[in-house]
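This report describes one chain from its sheets through its helices to selected residues. The sequence and structure are shown first.

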Amino acid sequence: MPLNNIIKKLGVLASVDVRKYSDRNIFSKRLVRYLRDLKIELVVDVGANRGQFGNSLFSHGFKGKLLSIEPIPDAHSKLELAAANSKRNWLVAPRMALTHQRGFADLTIAENSASSSLLEFSNELERLVPVARPVTKIEVPTMRLDQLLPS
């Protein structure tokens, strides 16, 4: 049995909740505190993927509104589901990418969809992060943030 499972079981016996330490959790807690202190009521998550950031914000106590934007069809569908299941003030924009003008653009989809981008991929990025390897390109609708927010 792996050591982490043994430690968790010992924690249960001692009525202690044992969790893996994560810098991401510390970051999310600090960010939520910072947003609250500054009375920020709207967060815009650009390139929201499947909603990992949104889930983290809400799970760490964010009480404001979240607007998530995602251009990749599969990720956008999962994002909509995550927002609907959260029962929070979480809005998902229509599938699009944000850029400097309304229209369409080629989005390069990476092996790990989180590294997908409208920007050109570099060989250096692929060398440093092999899962950022480009897989395909799709055309996505684009819009400016100031065109989206009034609606």
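## Backbone outliers, sheets and core

Lys39 is exposed, with a relative accessible area of 68%. The model in which this residue appears is predicted. Lys39 sits in the loop that connects helix H2 (23-37) with E1, and its phi is positive, near 55°, although the residue is not glycine. As background, most residues other than glycine have a negative phi.

Asn49 also has a positive phi, about 55°, and is not a glycine either. This residue belongs to the loop between E1 and H3. Is Asn49 buried or exposed? Asn49 is buried, because its relative accessible area is 6% and the cut-off for buried is under 20%. A further positive phi, of about 60°, is found at Lys87, just after H4.

The table lists the relative accessible areas of three residues.

| Residue | Relative accessible area | State |
|---|---|---|
| Lys39 | 68% | exposed |
| Asn49 | 6% | buried |
| Asn55 | 37% | partly exposed |

**The parallel sheet and its helices**

Three strands in the order E1-E2-E3 make up an open sheet with parallel pairing. Its edge strands are E1 (42-46) and E3 (90-92), each of which pairs on one side only. From one strand to the next, the twist averages 20°. E1 and strand E2 (residues 65-69) run parallel and are joined by five bridges. Val43 has Leu66 in E2 as its bridge partner.

Helix H3 (residues 52-59) packs on this sheet and touches E1, E2 and E3; the direction of H3 makes about 155° with that of E1. Helix H4 (residues 73-86) lies across E2 and E3 and runs at about 155° to E3.

H4 has 14 residues, and the distance from its first C-alpha to its last is 20 Å, close to the 20 Å expected at 1.5 Å a residue. Which residues of H4 are buried? They are Ala75, His76, Leu79, Ala82, Ala83 and Ser86. These residues lie on the same side of H4, because they cover an arc of only 120° around the axis. The general geometry is that an α-helix has 3.6 residues a turn, so residues three or four places apart point the same way. The buried residues of H4 pack against H3, E2 and E3. Leu81 and Asn85, on the other side of H4, are exposed.

**Asn55 and the nonpolar core**

Asn55 is a residue of helix H3. Its relative accessible area is 37%, so Asn55 is partly exposed. Apart from neighbours within four places in sequence, Asn55 is in contact with Ala82 and Trp90. Asn55 and Trp90 are 35 residues apart along the chain, and their C-alpha atoms are separated by 9.7 Å.

Which members of the largest nonpolar core touch the most other members? Of its 13 residues, these are Leu35, Val43, Leu57, Phe58, Phe62, Leu66 and Trp90. At least two residues of this core come from each of H2, H3 and H4. Leu57, again leaving aside neighbours within four places in sequence, is in contact with Leu31, Val32, Leu35, Val43, Phe62 and Leu66. The bridge partners Val43 and Leu66 are thus both listed among the contacts of Leu57.

**The mixed sheet**

A second group of three strands forms an open sheet in the order E4-E6-E5, with mixed pairing. E4 and E5 stand at the edges and have a single partner strand each, so one side of each is left without a neighbour in the sheet.

Strand E4 (residues 97-98) and strand E6 (residues 134-143) run parallel and are joined by two bridges. Within this pair, Ala97 has Thr142 in E6 as its bridge partner. Strand E5 (residues 103-110) runs antiparallel to E6, and eight bridges join the two. Asp106 stands opposite Glu139 in E6. In general, the strands of a sheet pair through backbone hydrogen bonds, either parallel or antiparallel.

Conventions:
Residues numbered from 1 in each chain as written. Predicted model: local features only at pLDDT ≥ 70, side-chain atom pairs only at ≥ 80, totals over all residues. Heavy atoms only, no water. Pairing = 2+ DSSP bridges. Helix = DSSP H or I, 4+ residues; strand = E, 2+ residues; numbered from the N terminus. Axes fitted to C-alpha atoms, helices over the stretch in contact; angles between N-to-C directions. Contact = heavy atoms within 4.5 Å. Buried < 20%, exposed > 50% of the residue type's maximum accessible area, 1.4 Å probe, protein only. Expected span 1.5 Å × (residues − 1). Arc of directions from axis to C-beta. Core = buried A, V, L, I, M, F, W, Y, C linked by side-chain atoms within 4.5 Å.
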